[in-house]
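Open the model in your viewer and get ready to select, colour and turn. This tour goes stop by stop, and each stop tells you what to pick next.

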Amino acid sequence: MNFDRTGKSAVLAKLEGCFTRGIEYRWNVFRPYVDRLAEGSSVLDMGCGSLVETHYLAQRKLRVTGIDLEAQRLEEYERRYDWSGLPKPALRAASLSDIAKESSRFDLIITFDTLEHLPPELLQPTLSDLRTLLNPGAVLMITVPNKLSTFELYQMAVLKLIRLTGRKMEAGVPHLTVKTSKEWKQSFESAGFDITAWDMAIGPLMNTWYVMTTAPLALGLQGLEALRLVSRGTRHKLVKNFNEVVLFPGWLKLLNSIDEACRSKLSRFFAWNLVVLQAKECVSQNAVA
């Protein structure tokens with residue numbers, strides 16, 4: 001867990017899991033690759049956002065470069081963590097293309113919940129830049145949504161509605177690039193990567209229940225916001241309160257248990273892809289060695 005400076009809140013880094021839909025998910029797909037890194041190894045956190053992963057990696061004495069497009073956001077979140085005794089990360093308001101023009105190379109790159117926010121035409125160039133930034137033997141860790149999940153189908157409908165009505169899109173919402181797991185795999189391989197590890201998280205029963213219970217409220221509040229009857233902040237607060245009070249954690253845990261029991265049959269509909277990639281020539285060299 002990563003705690004803020006006041007100790008009042010804790011967030012699970014996606015390198016180990018996440019807390020969503022009232023459930024604390026844990027996974028092991030990323031941790032072995034972090035554990036094998038020597039102290040002082042270089043890491044790039046692309047789309048570092050709230051710095052949860054950046055702080056997690058700094059706690060392991062790794063040298064982290066965190067990039068995000070919003071300088072003010074980086075400054076705000078940097079103040080929330082205690083960096084004393086840790087290698088202070090290099091936080092930059094920069095794009096990946098800015099980093100790619102430099103001579104830096106990294107022993108690990110992570111980009112979680114980021115690629116889906118890119119316009120489709122920028123996905124392959126971004127993957128190519130990520131590939132060139134890896135040191136030999138380094139890996140790229142990614143989380144991306146699954147187009148077949150109920151939540152992504154809902155997000156796609158919201159995107160069409162926004163474009164149809166000409167509304168201004170909220171930053172990062174909704175997702176612009178959506179693919180099935182098979183399509184993501186094809187994109188990664190065409191960019192020169194081999195799949196080192198792959199897992200799926202958050203099952204379809206959980207997602208369907210979440211969308212069925214929250215979508216009507218969320219869409220209604222978005223309509224009221226468009227009419228300027230409620231503010232964006234009020235909308236977010238009402239949805240958050242609804243999630244905490246109405247989603248019935250006991251029922252969610254039951255649905256999650258059923259999802260996990262049926263994983264072998266339902267995995268193609270799970271919500272998130274957890275992926276570890278390596279450049280193809282590095283995989284070949286390691287195999288020869």
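How many of the residues of β5 are buried? Keep that in mind while you look at the whole chain. This is a predicted model.

**Stop 1: the whole chain**

Show everything as a cartoon. The protein chain has twelve helices and eleven strands. It runs to 289 residues, and 45% of them count as buried. Now switch on a surface. The chain exposes about 14600 Å², with carbon and sulfur atoms supplying 55% of that area. Go back to the cartoon and think about contacts. Take those with a separation of 6 or more: residues 24 or more positions apart account for 74% of them.

**Stop 2: strand β5**

Select residues 42–46, which make up β5. Here is the reply to the opening question: five of its five residues are buried, so β5 is mostly covered. Show the side chains and turn the strand. S42, L44 and M46 are on one side, V43 and D45 are on the other, and all are buried. Both faces of β5 are covered.

Next, add residues 63–68, which form strand β6. Five bridges join β5 to β6, and the two strands run parallel. Pick out S42 to see one partnership: its bridge partner in β6 is R63.

**Stop 3: the sheet**

Now widen the selection to the sheet. Seven strands form an open sheet, in the order β7-β6-β5-β8-β9-β11-β10. Its pairing is mixed. Look at the two edges, β7 and β10, where each strand pairs on one side only. From one strand to the next, the twist averages 15°.

Zoom in on β9 (residues 134–145) and β11 (residues 272–279). These two strands run antiparallel, and six bridges join them. Select L140, and you can find its bridge partner L277 in β11.

**Stop 4: helices across the sheet**

Which strands does helix α5 lie across? Select residues 120–132 to find the helix. It lies across β5, β8, β9, β10 and β11, running at about 145° to β9. Then select residues 181–190, helix α7. Helix α7 lies across β9, β10 and β11, at about 155° to β10.

**Stop 5: the nonpolar cores**

In soluble globular proteins, nonpolar side chains tend to be buried together. Look for that here. The largest nonpolar core has 40 residues. Select L15, F30, L57, L108 and M141, the residues with the most contacts inside this core. Helix α2 (residues 52–58) gives the core its largest share, four residues.

Centre the view on L57. Leaving aside neighbours within four places in sequence, L57 is in contact with L15, V34, V43, L62, V64, L108 and I110. A second, separate core has 24 residues, including L127, L130, A138 and L140. You have already met L140 as the bridge partner of L277.

**Stop 6: the salt bridges**

Side chains of opposite charge can pair when their charged atoms come close. The structure holds eleven salt bridges.

Start with R31 and E16. Their closest N and O atoms are 2.4 Å apart. This pair links distant parts of the chain, 15 residues apart. R31 is in helix α1 (residues 31–35), while E16 is in the loop between β2 and β3. Buried or partly exposed: what are the two partners? R31 is partly exposed, with a relative accessible area of 31%. E16 is buried, at 13%.

Stay on R31 and add D35. Their side chains meet in another salt bridge, at 2.7 Å from N to O. Why are D35 and R31 separated by about one helical turn? Because they are four residues apart in helix α1. D35 counts as partly exposed, at 47% relative accessibility. Now select E16, E24, R26, R31 and D35 together: they are linked in a network of salt bridges.

**Last stop: E102 and R92**

Finish with the salt bridge between E102 and R92, whose closest N and O atoms are 2.8 Å apart. E102 lies in the loop between α4 and β8, and R92 lies in strand β7, so the pair ties together parts that are ten residues apart in sequence. E102 is partly exposed, with a relative accessible area of 30%. R92 is partly exposed too, with a value of 30%.

Terms used:
Residues are numbered from 1 along each chain as its sequence is written. This is a predicted model: local features need pLDDT of at least 70, side-chain atom pairs count only at pLDDT 80 or more; totals for chains, interfaces and linings use all residues. Side-chain values use heavy atoms; hydrogens and water are left out. A salt bridge is a side-chain nitrogen of Lys or Arg within 4 Å of a carboxyl oxygen of Asp or Glu. Buried means under 20% relative accessible area, exposed over 50%, partly exposed in between (1.4 Å probe, protein chains only). Two strands pair if DSSP finds at least two bridges between them. Axes are lines fitted to C-alpha atoms, for helices over the stretch in contact, and angles run from 0 to 180 degrees between N-to-C directions. Contact means heavy atoms within 4.5 Å. Accessible areas come from the Shrake-Rupley method with a 1.4 Å probe; for residues, only the protein chains shown count as cover. A nonpolar core is a set of buried Ala, Val, Leu, Ile, Met, Phe, Trp, Tyr and Cys residues joined through side-chain atoms within 4.5 Å.
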